[in-house]
Amino acid sequence: MLNELKRIAIFNKVVECGSFTLAGESLGMGKSKVSEQVTLLEKKLNVRLLHRTTRKISLTTEGSTFYQYSRGLLNIADQALGAVNHLASEISGTIRIGTTIDVGTFLINPLLNDFYQQYPHVNFDLCLDDGLQDMVESNLDLVIRIGELTSSSMVGRVIAPFELGIYASQDYLNNAKPITCLDDLQDHDWVYLSRLNLPNNILTLTNHNGQEQQIKLQPKHTSNAPLGVMAMIQNGLGIGPIAHFLIDKIPGPSLIRLFPDFYQVSTTMNILYPSRKNIPPRVRCFIDYLIASLKV
């Protein structure tokens with residue numbers, strides 16, 4: 001296909017220049033090479049496109065028809081190249097972002113308007129889904145996820161460590177066994193985020209002095225969505241980890257932070273995208289903006 005397109009372009013140049021020699025000079029090719037390419041195109045089409053004499057060339061009936069159609073095709077190709085070159089040099093076009101409902105609603109959404117004010121020719125398509133998102137199938141430019149980077153086919157950039165505090169509702173605490181030390185947490189019902197995949201159901205809590213405490217737990221209730229976990233904890237189903245940014249954005253008066261000096265480090269928040277090569281300027285610029293804005 002690519003060879004045929006090249007030969008069509010050479011044929012069009014010959015018609016426009018009126019000779020193989022002038023076409024070759026315009027294309028930086030020898031006359032014989034130009035003639036050879038046109039001949040190969042004629043063989044492919046099984047028709048003669050040009051009448052050739054020692055003095056001039058002229059179009060056959062088939063050549064005239066072919067030229068009218070192929071000239072339009074090449075004009076469209078030129079327009080396509082021009083449009084893509086424009087997008088490649090301008091911060092413009094649609095940025096398709098995939099992330100979870102909580103991260104998209106409470107972390108990403110508040111940042112979009114500032115970026116839009118800087119780059120008013122950018123459009124956002126924010127795709128929120130608490131399940132795994134296939135970047136290729138969903139035609140996403142980037143995905144923002146919490147957790148370890150597992151896909152070797154994607155490029156990952158760390159935004160920030162991601163901390164979770166341990167919370168319970170006042171109603172739960174009123175009706176449960178007393179919690180006086182970290183070891184007591186093992187004897188309580190837990191609500192947990194299923195996609196965090198704790199090894200052997202061991203939760204490691206740490207404080208800013210580096211002290212660690214491992215808690216063996218059996219989750220009583222689970223959810224694939226952080227907002228689902230938070231709602232269960234608010235409604236007294238057990239204790240569990242809630243992200244700091246959710247507590248900040250959705251303060252729950254009934255929620256009590258347990259052992260405020262300790263928190264779970266849930267690995268990191270990451271941006272994933274398909275490749276480091278040929279990233280559209282709008283996507284590269286937005287990735288840099290997100291990392292600068294969300295860095296802690």
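This short talk describes the fold, the core, the aromatic rings, the cavity and several single residues of one protein chain.

Good morning. Please keep in mind that the model shown above is a predicted one.

I begin with the overall make-up. The protein chain has nine helices and 13 strands. Its length is 296 residues, and buried residues make up 39% of them. Among the contacts with a separation of 6 or more, 71% join residues that lie 24 or more positions apart.

Two residues give a concrete example of such a separation. L272 belongs to strand β13, which covers residues 263–273. Along the chain, L272 and L142 are 130 residues apart, yet 5.6 Å separates their C-alpha atoms. Is L272 buried or exposed? Its relative accessible area is 17%, so L272 counts as buried, the limit being under 20%.

Let us turn to the nonpolar core. In soluble globular proteins, nonpolar side chains tend to be buried together. In this model, the largest nonpolar core has 58 residues. Which of its members touch the most other members? They are L142, I144, W190, L203, I271, F286 and L290. There is also a second, separate core of 13 residues, and F11, F20, V34 and I57 are included in it.

L203 deserves a closer look. If we set aside its neighbours within four places in sequence, L203 is in contact with I166, W190, Y192, L198, Q213, Q214, I215, L217 and Q264. W190 therefore appears in two roles: as a contact of L203, and as one of the core residues that touch the most other members.

Next come the aromatic rings. A pair of aromatic rings is described by the distance of the centres and the angle of the planes. How many aromatic pairs does the structure hold? It holds seven. One of them joins F115 and Y119, with 4.8 Å from centre to centre and 45° between the planes, and this pair is tilted. The two partners can be compared by their accessibility. F115 counts as buried because its relative accessibility is 1%, whereas Y119, at 23%, is partly exposed. Both residues belong to a cluster in which ring pairs link F115, Y119, F124, F286 and Y289. You will recall F286 from the list of well-connected residues in the largest nonpolar core.

I now move to the cavity. The structure holds one cavity of 30 Å³ or more, and the volume of the largest cavity is about 130 Å³. Its lining consists of 15 residues, of which L164, L193, P226, P241 and A243 are the closest to the centre. Which elements give two or more residues to this lining? They are strand β6 (155–169), helix α7 (226–234) and strand β11 (240–243). By residue type, the lining divides into 12 nonpolar, one polar and two charged residues.

H244 is a further residue to locate on the model. H244 is found in helix α8, residues 244–249, and it is partly exposed, with a relative accessible area of 25%. Apart from neighbours within four places in sequence, H244 is in contact with E163, L164, G165 and R257. L164 is also among the residues closest to the centre of the largest cavity. As for G165, it is 79 residues from H244 in sequence, while the C-alpha atoms of the two are 6.7 Å apart.

Loops also deserve attention, and T100 is a useful case. T100 sits in the loop between β3 (93–99) and α5 (101–118). Its relative accessible area is 2%, so T100 is buried. Beyond its neighbours within four places in sequence, T100 is in contact with L128, D129, D130, I144, R145 and R195.

Finally, I would draw your attention to two backbone angles. Most residues other than glycine have a negative phi, and most peptide bonds are trans. N46, by contrast, has a positive phi near 60°. N46 is found in the loop between α3 (31–45) and β1 (50–52). With a relative accessible area of 70%, N46 is exposed. N201 also has a positive phi, of about 55°, although it is not a glycine. N201 lies in the loop between β7 (190–193) and β8 (202–206). Its relative accessible area is 25%, so N201 counts as partly exposed.

That concludes my presentation. Thank you for your attention.

Technical notes. Residues numbered from 1 in each chain as written. Predicted model: local features only at pLDDT ≥ 70, side-chain atom pairs only at ≥ 80, totals over all residues. Heavy atoms only, no water. 1 Å grid on protein atoms, 1.4 Å probe; cavity = no way out; pocket = protein on both sides within 12 Å on 5 of 7 lines; lining within 4 Å. Points joined across faces, edges and corners; volume = space filled by probe spheres on them. Helix = DSSP H or I, 4+ residues; strand = E, 2+ residues; numbered from the N terminus. Nonpolar A, V, L, I, M, F, W, Y, C, P; charged D, E, K, R; others polar. Phe/Tyr/Trp six-rings, centres within 6.5 Å; stacked < 30°, edge-to-face > 60°. Buried < 20%, exposed > 50% of the residue type's maximum accessible area, 1.4 Å probe, protein only. Core = buried A, V, L, I, M, F, W, Y, C linked by side-chain atoms within 4.5 Å. Contact = heavy atoms within 4.5 Å.
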